[in-house]
Each structure stands twice: as structure tokens, then as C-alpha cells.
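Reader: I would like to learn how to read pockets, cavities and ligand contacts in a model. Please go through them one at a time.

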Amino acid sequence: MRDINTIDVDVVIVGAGFAGMYQLVQMRRAGLSAVVLETADDVGGTWYWNRYPGARCDILTVDYSYSWDPELEKDWIWSERYATQPEILRYAQFVADKHDLRRDIRFNTKVTSAQWNSDAKRWRIHTDSGNDVTAQFYVMATGCLSMPKVPDIEGTDRFNGEVYFTNSWPHDGVDFSGKRVAVIGTGSSGIQSIPIIASQADQLTVFQRTPNFSVPAHNGPIADERLVAYRQDPAAYREEARHSGIGVPTTPADVSALEVSPQEREATYEEVWQRGELAHLLEPYNDLRISAESNDTIRCFIHNKIREIVKDPEVAELLCPTNHYFATKRPCLDSGYYATYNLPQVRLVDLQKQPIETITESGINIVNPAISAKEKTESMAFDAIVFATGFDAMTGAIVGVDITGRNGESLRDAWAHGPQTYLGLMTVGFPNLFMITGPGSPSVLSNMMVSIEQHVDLITDTIKHLRANGVDTIEPTELAQRRWVQHSNEIADLTLLPTANSWYMGANVPGKPQVFLPYPGGVGEYRKICEEMVTRGYLGFALTGADGTQSN
Ligand code: NA7
């Protein structure tokens, strides 16, 4: 039997992406002992794993940067509007070096299970390296899009050629020159990688289940006016982002899309299309998120753009998203995506009409009634298949660890009908377990960096408060949790968001309960609610002292 070495710390943090790194910094600043457990062999999280060609940020990188180290704001200059994955990874590594973070990170260490010990009032975390960690506080900094979705396609294991997953791409890259390549999936990862794969491959076939809205990134140097606003007063720029709707400085509109003339609307949409920023696409009118009729105006504008770019009218129609409203699935930013379908070596297969029958040893079989009256199977041979099929979003990485709380209850069971949290931060029955950007927080509907920093600061202040007041455990009350879930759903129901089969709803993973996962009220509103919760003495949380006395 292997020896289990146990280390004991105040705080165990799982994940060394941007959330875990900053949480470590804050724990050190608070004078607490902390260790980070990380599966990979270096920092970076999402930006460590997603190395597929064309991987970039879809929020301007000036906005997608840490604000907690004023020196960093001067030391690190982004080279483009939307930095590439290697540049963002270098940024994470630069921060890790500058703050000497790696000494408290255990790399190549996967957390397998965690148990709360009610007597000791501590968590015990088991890892695959044979080392256990015990800690009073346990922070899951595991990311919202980090647990790959298992491709639910018949025959996936049969293929004898090269197989790649965008979410765990080989570190030394892949050259598709001279190859026949299939890409399955047209979310952000597919849309970013398809133009580059097409430029290398002999033949590229894209398998599309749902067309997605994408707008051109117009990547290049960072626009002057943005840099001026940011460099003049970085602190004020960041503060504005913290109180905005999605964590990027924007000016909310006060007019409906239906209140202006079609000509004015067209000109406005053209301006935002040329601007190439997701944050500004819903900005021009105040009802694009809530009114189907208004949303239709931007939906039609983008359809027309696709029809202008894609020369074959049939292919253009296949690429036009018609079964969901704009931004009810996460829209994408691209560099030449639609124009890629004008290349002679690129074919689009619409899986709605020609579903995959099976993956075979040599390629992919689809149902294609056009082949012949008798034979309806078309067999396509490939040298490589790229799965860009996404993630078990928001909950996958959390329930991927076998977590057992108070009374021996498993988190998987507690969330069997959908995640229940208070503020997306904690869940009933699991004392002292915090989630950064968990389900029920704005997270994936926001600039992640802003949401991460807000959560880390809140968790840090909470732990400091507990320590200063002799409180051993913190846990939400049933009532607060129930009301939060209800409040979040009520806001979602006012919008068009729940109408789409999106990963926001858990709809991409077969069998996953379909509930709206992120908090849709905006980061500024959410921040206010959290601040009020603190001001009102951690309203909605039960705090238990060493002698068992409870407050709240
Ligand atoms: P996404 O956005 O979840 O995209 C996954 C894509 O794969 C999407 O087009 C899916 O179609 C498709 N998919 C998933 N399963 C299948 C099967 N079984 N058959 C065919 N097609 C399938 O993940 P990404 O990695 O692209 O992007 C995730 C986020 O990362 C993105 O939003 C950015 O924030 C960064 P569907 O739409 O489900 O019909």
C-alpha cells in the first residue's frame, strides 16, 4: 500500500488558472497558509489546455487582465486587441514568476475526492499523487469551461487516424498540410480554428449541428481611444468595468431597437459589426436581450452579413442561425470564419439534415439521401478528426471531484436536479467550500477576469472576517439558497436566454438537468448584492463558532 503524506494548511485551492493564482496571492496577503493543487504541469488553466490553432480571447485583452497589481498594468503590454493563447499563457507565467507563485502550487496533481470532517471541522482532499491535504477552507477554482464534454457520437473510439480535441491540444502543435481533416463542432473553438485548419489541409469538412452567430474580430493593434481611456487612469477604467453589465466599460442604451428607423438601426449595427467587440453587440438597444422582435433585427442583420460573405447561397443559408436568438448562445468572434466556406477545399455538412451515422475506422458515415435512392449512407475518409465539441459547462469540473459534505451527502446527489447555490459562491451542506465563478454567479456571462477578482476578494474578506471573529464554519441557509436560485431564474425568465438549447442551460450534455446556470443580472448588480450581504452581517449565511454557537 502506498504511503499517504498529508499536509495541513489553512486553505486548499484547486486549480492554477487565473482564479486559483489570484486566490493564492490573496491568501498569502491575508497571512494564511495555502496550497494550490493543479492537474497540469504549469499555471494557466484554460489557456494551458486550449492550444488549438487560432485560440484567442474573445474579450479585448486590455479588459481581460488582472487589476490587482498596479505594476502589472505597466509591465505587461498586450500586442493585439485579442491576444493569442500563447501570449495569454505567457502572461499567466509572467505573473506566476513575478509573485513566486509556483512554490505553493503542486503540479501534476489531480484532486479525486474531498470529504468534510464535521468533528475536525476540516476538509480532507485526496489526490492521485498519493498526497492528501487537510484544510479549514476549500476553494474550487476549477473554471467554468474546463471539463471536456465526452463526444456523444457513435463510433468515436473506432477511428484509426489522428484524433484531436480542441480542449487538450498537443503542446507541439499539429500540421494538417496534405491531410483530409474533419472538424466536428462550430462553437467558439471550431469557429476560431476552422480558418487556420482550412489554410493548411488538403480537404476540410466541417460538421455543423447548430450554426452560431459570429462577428469579425478585426484583430490588430489596440484601438487608440481604448488605450487612452485605460492608460489615463487604469484604476478608474477598472472600476467602471466592475460596475458594468458584463465587466467591460460600456454605455447602456435607453432606446428600444423598435423605436428607431430601419435605416438608423442598420447604420448602428454596421458600426458595431465594424467595431468587432462582443461586449458592444447588445449595447445599442435596451431590449435586444428581452424582446424577440427587437432581437430579430440584429439576427437579420447578421444573416445578411453571412449572405454577403458566403458566395454559395445554399451554404450561406446553412450558416445562418435561425433556431436561436442572437446571444442566447454565446456568440463568437472570428478571423475569416464565414469566408472560409468560399474555399474550394472546404465542405460544410449540416447535421440537422445529414446526421452522423457513425465514425468508422477510416472516417465518418453520414445519412445523405442524395447519394442514391437505395444507398443513403455517404462514407467520408479522413486522416484526422478534430473534436471541437465543448464542455460540461459550469458544473462539470466541480462535480467531477467526488465531494462529500456534512452528513455524508455527496455534491453530485445534492445537485442531481441542477446546481443549488447561494450567490454562486457556496452550497448548503458543504461548509467552508467556496466556488469561484460557480453556477449562480455571473461568470460566463461576463468578462471572467472581473468576476474572478470579485469572487476572490469576497472569499478572502469572508475568511478574514471568520478568523477575526472566532467563527469556524460558514454555510448558506436553505432559505437564502432557495431564494437565490429563484431570483436568478426569475431574471433569466425575463430574457430570451432560456429559449436556446445552450450550454448556459446544460442542454449540450445528454442527461444534464436543464436549468439556467449563470446569474443573468449583470456583474454590477451582483457586486451590489454581495456588498449588501456583507454589510448586513453575512446575510443568508449560518456562521458557527468554536463553541457551536450560531449567528444569522
Ligand atoms: P461550444 O461552444 O459548446 O461548442 C461546441 C460545438 O460542438 C457546438 O457547435 C455543438 O453543437 C457541437 N457539438 C457538441 N456535441 C456534438 C455532437 N455530438 N455532434 C455534433 N456537434 C456537436 O464549445 P467551444 O469549445 O467551441 O467553446 C466554449 C467556450 O469557450 C466559448 O463559448 C468561449 O467562451 C470560449 P450544438 O451547438 O450543441 O448543437
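Author: On a 1 Å grid over the protein atoms alone, a pocket is an open set of points with protein on both sides within 12 Å along at least five of seven lines, while a cavity is a set where a 1.4 Å probe fits but cannot get out; lining residues have an atom within 4 Å of a point. Grid points are joined across faces, edges and corners, and a volume is the space filled by probe spheres set on the points. Here the second largest pocket holds about 970 Å³.

Reader: What kind of model is this, and what is the mean pLDDT of the chain?

Author: The model is predicted: local features need pLDDT of at least 70, side-chain atom pairs count only at pLDDT 80 or more, and totals for chains, interfaces and linings use all residues. Residues are numbered from 1 along each chain as its sequence is written, and side-chain values use heavy atoms, without hydrogens and water. pLDDT is the predictor's confidence in each residue, from 0 to 100. The chain has a mean of 95, and 99% of its residues reach 70 or more. For the complex, the predictor gives an ipTM of 0.98 and a pTM of 0.96.

Reader: Which residues lie nearest the centre of the second largest pocket?

Author: Gly245, Ile246, Leu282, Arg289 and Leu445 do, out of 38 lining residues. Helices (H or I, at least four residues) are DSSP runs, numbered from the N terminus. α9 (278-281) and α15 (478-494) each supply at least two lining residues, and α9 gives the most, with three.

Reader: How many cavities of 30 Å³ or more are there?

Author: There are four. The largest has a volume of about 120 Å³. Its lining has 14 residues, with Glu73, Trp76, Ile77, Trp78 and Tyr230 nearest the centre. α6 contributes the most to this lining, with three residues.

Reader: Which residues are closest to the ligand?

Author: A residue is near a molecule if one of its heavy atoms lies within 4 Å of it. The ligand is surrounded by 21 residues, the closest being Lys149, Asp152, Ser189, Thr210 and Lys329.

Reader: What polar contacts does Thr210 make with the ligand?

Author: A polar contact is a pair of N or O atoms within 3.5 Å. An N or O atom in the Thr210 side chain is 2.4 Å from a ligand oxygen atom. Lys329 places a polar side-chain atom 2.8 Å from an oxygen atom of the ligand. At Ala388, a backbone N or O atom lies 3.2 Å from a ligand oxygen atom.

How values were computed. A polar contact is a pair of N or O atoms within 3.5 Å; within protein, one must be able to donate a hydrogen and the other to accept it, and residues adjacent in sequence count only if both atoms are side-chain atoms.
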